[in-house]
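Please look through the points below with the structure open beside them. They go from contacts and cores to the sheet, the helices, the charged pairs and the aromatic rings.

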Amino acid sequence: MSWIPSMQEKYNKPDSEKDLSEAEKMMLSFHEEEEGLPESFLSNFPSLIKVDIHAKVTDPSVAKSMMGCLLSSLKANGSHGAFCEVRQTDKRMLDFYSKLGCFEVAKMEGFPKDVIIMGRSL
């Protein structure tokens, strides 16, 4: 609720008609309309995680440590679950999240068919 508007203000929406760099894709994601998630889902997984690891990174141990800190911080601040959205074709990120204990939690109406929603209880 608080960081997306800040990111929208900080980063202008890139022109989605051209080939976008990875940074521009991330900036565009701040401006895309989020699908509404059912309250029953959000009651179990209230925290959204958006993380990406550059393709040139061969050792994800630093990213795993950072995620461990993030998940611990979320739990310490009252969250009892987190979720992320991953494309089915992104095997690297699916593997990364799986190793963190995330699992496929739902297929959501209104989401693209190639998006997997993964979650983890805290």
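1. Contact here means heavy atoms within 4.5 Å. The model is predicted. With that cut-off, and leaving out residues up to four places away in sequence, Val86 touches Met93, Leu94, Tyr97, Asp114, Val115, Ile116 and Met118.

2. Val86 is also one of the 16 residues in the largest nonpolar core. Together with Ile49, Met67, Met93, Phe96, Tyr97 and Met118, Val86 touches the most other members of that core. Two or more residues each come from helix H4 (61-76), S2, H5 and S4. The greatest share is that of H5, which gives four residues. As a general background, nonpolar side chains in soluble globular proteins tend to be buried together.

3. There is a second core, separate from the largest one and made of six residues. Among them are Phe41, Phe45, Phe83 and Ala106.

4. The sheet is open and has four strands in the order S1-S2-S4-S3, with mixed pairing. Its edges are strand S1 (47-48) and strand S3 (103-106), each of which pairs on one side only. S1 runs parallel to strand S2 (residues 81-87), and two bridges join them. One bridge partner across this pair is Ala82 in S2, which matches Ser47.

5. Which sense of pairing do S2 and S4 have, and over how many bridges? The two strands are antiparallel, with seven bridges. Ala82 stands opposite Arg120 in S4, while on the S1 side the bridge partner of Ala82 is Ser47. S3 and S4 also run antiparallel, joined by three bridges. In that pairing, Phe103 has Gly119 of S4 as its bridge partner.

6. Is S4 largely enclosed or open to the outside? Five of its seven residues are buried, so S4 is largely enclosed by the rest of the structure. Helix H5 (residues 91-99) lies across S2 and strand S4 (115-121). The angle between H5 and S2 is about 160°.

7. In helix H2 (residues 22-31), the buried residues are Glu24, Leu28, Ser29 and Phe30. The cover over the buried residues of H2 includes helix H1 (3-10). It may be worth checking by eye that Glu24, a buried residue of H2, is not confused with Glu22, which is partly exposed at 49% relative accessible area.

8. The count of salt bridges is two. In one of them, Glu22 pairs with Lys25, and the closest N and O atoms are 3.3 Å apart. Both residues lie in helix H2, three residues apart, about one turn of the helix. Lys25 is partly exposed, at 43% relative accessibility.

9. Asp95 and Lys99 form a salt bridge as well, with the closest N and O atoms 3.3 Å apart. Why are Asp95 and Lys99 separated by about one helical turn? They are four residues apart in helix H5, and therefore about one turn separates them. In general, an α-helix has 3.6 residues a turn, so residues three or four places apart point the same way. Asp95 counts as partly exposed because its relative accessibility is 38%. Lys99 has a relative accessible area of 55% and is therefore exposed.

10. The structure holds four aromatic pairs. Phe41 and Phe45 make a tilted one, 5.4 Å centre to centre with 35° between the planes. Both Phe41 and Phe45 are buried. These two rings belong to one aromatic cluster with Phe83 and Phe103.

11. Phe96 and Tyr97 form an edge-to-face pair, with 5.6 Å from centre to centre and 70° between the planes. Phe96 counts as buried because its relative accessibility is 4%. Tyr97 is buried too, at 3% relative accessible area. Both Phe96 and Tyr97 are among the residues that touch the most other members of the largest nonpolar core, and Tyr97 is also one of the contacts of Val86.

How values were computed:
Residues are numbered from 1 along each chain as its sequence is written. This is a predicted model: local features need pLDDT of at least 70, side-chain atom pairs count only at pLDDT 80 or more; totals for chains, interfaces and linings use all residues. Side-chain values use heavy atoms; hydrogens and water are left out. Two strands pair if DSSP finds at least two bridges between them. Axes are lines fitted to C-alpha atoms, for helices over the stretch in contact, and angles run from 0 to 180 degrees between N-to-C directions. A nonpolar core is a set of buried Ala, Val, Leu, Ile, Met, Phe, Trp, Tyr and Cys residues joined through side-chain atoms within 4.5 Å. Buried means under 20% relative accessible area, exposed over 50%, partly exposed in between (1.4 Å probe, protein chains only). A salt bridge is a side-chain nitrogen of Lys or Arg within 4 Å of a carboxyl oxygen of Asp or Glu. Rings of Phe, Tyr and Trp (its six-membered ring) pair if their centres lie within 6.5 Å; planes under 30 degrees apart count as stacked, over 60 as edge-to-face and the rest as tilted.
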